[in-house]
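Student: I should like to study this structure step by step. May I put some questions about it?

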Amino acid sequence: MRARDLAVDFPTVTLDTPALEAARLLADRDLPGLILVDDDGRPLSILPGTQVLRLAVPPYCQDDPALARVVDEAHADRFLHRLGGKTVRECLPEQPRELPVTDSKATVLELAALMARTRSPLVAVMDADGLVGAVTLQSLLDHALQL
């Protein structure tokens, strides 16, 4: 089986997409991440859901999780509202990582190796015409376990 056989249509965002909109897309579709594309629809990065959370969770709670207990429940439940006014651009890690993108002819093992190496929950699949879709970790594991 090749990447093109496992790839599914996948939502994309741009650098200027509001971060709260990206969070809603992740939640509404139960996605592990999003594909960040440029103006021509070419992948720039994979934005894992954890990167969106990193921007929403106060830094002091990330540094010391015990401090999250001092925030009252009403405010703790609204932590995603910290994303208001921020864009996907601000969710990206400071240091660019290897882009988890492959061609449509990649094998399942090549996909797994790329996911493992880049620590990405999904891989963007490209062909000569552009973005074909994405393969998620879940779909890759489902396929591999069926054999």
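The dialogue below treats the overall fold, a pair of helices and a pocket.

Student: In what order do the elements of the protein run from the N terminus on?

Tutor: The model is a predicted one. The protein has seven helices and six strands. From the N terminus on, these elements follow the order α-β-α-β-β-α-α-α-β-α-β-β-α.

Student: How is α6 oriented to α7: parallel, antiparallel, perpendicular or oblique?

Tutor: Two packed helices are described by the angle between their axes and the distance between the axes. The axes of helix α6 (residues 108-118) and helix α7 (residues 137-146) come within 11 Å and cross at roughly 140°. Angles over 145 degrees would count as roughly antiparallel. The crossing angle therefore makes α6 oblique to α7.

Student: How many residues of the contact of α6 with α7 are nonpolar?

Tutor: On the side of α6, the contact is made by Val 108, Leu 111, Ala 112 and Met 115. Helix α7 contributes Leu 137, Leu 140 and His 143. One residue of this contact is polar and none is charged, while the number of nonpolar residues is six.

Student: Which strand gives the most to the lining of the largest pocket?

Tutor: The largest pocket holds about 270 Å³ of space. Of the 16 residues that line this pocket, the closest to its centre are Ser 45, Ile 46, Pro 93, Arg 97 and Glu 98. The lining divides into nine nonpolar, four polar and three charged residues. With four residues, the strand that gives the most to this lining is β3 (residues 43-48).

Note on methods: Residues numbered from 1 in each chain as written. Predicted model: local features only at pLDDT ≥ 70, side-chain atom pairs only at ≥ 80, totals over all residues. Heavy atoms only, no water. 1 Å grid on protein atoms, 1.4 Å probe; cavity = no way out; pocket = protein on both sides within 12 Å on 5 of 7 lines; lining within 4 Å. Points joined across faces, edges and corners; volume = space filled by probe spheres on them. Helix = DSSP H or I, 4+ residues; strand = E, 2+ residues; numbered from the N terminus. Nonpolar A, V, L, I, M, F, W, Y, C, P; charged D, E, K, R; others polar. Axes fitted to C-alpha atoms, helices over the stretch in contact; angles between N-to-C directions. Parallel < 35°, antiparallel > 145°, perpendicular 65-115°, else oblique. Contact = heavy atoms within 4.5 Å.
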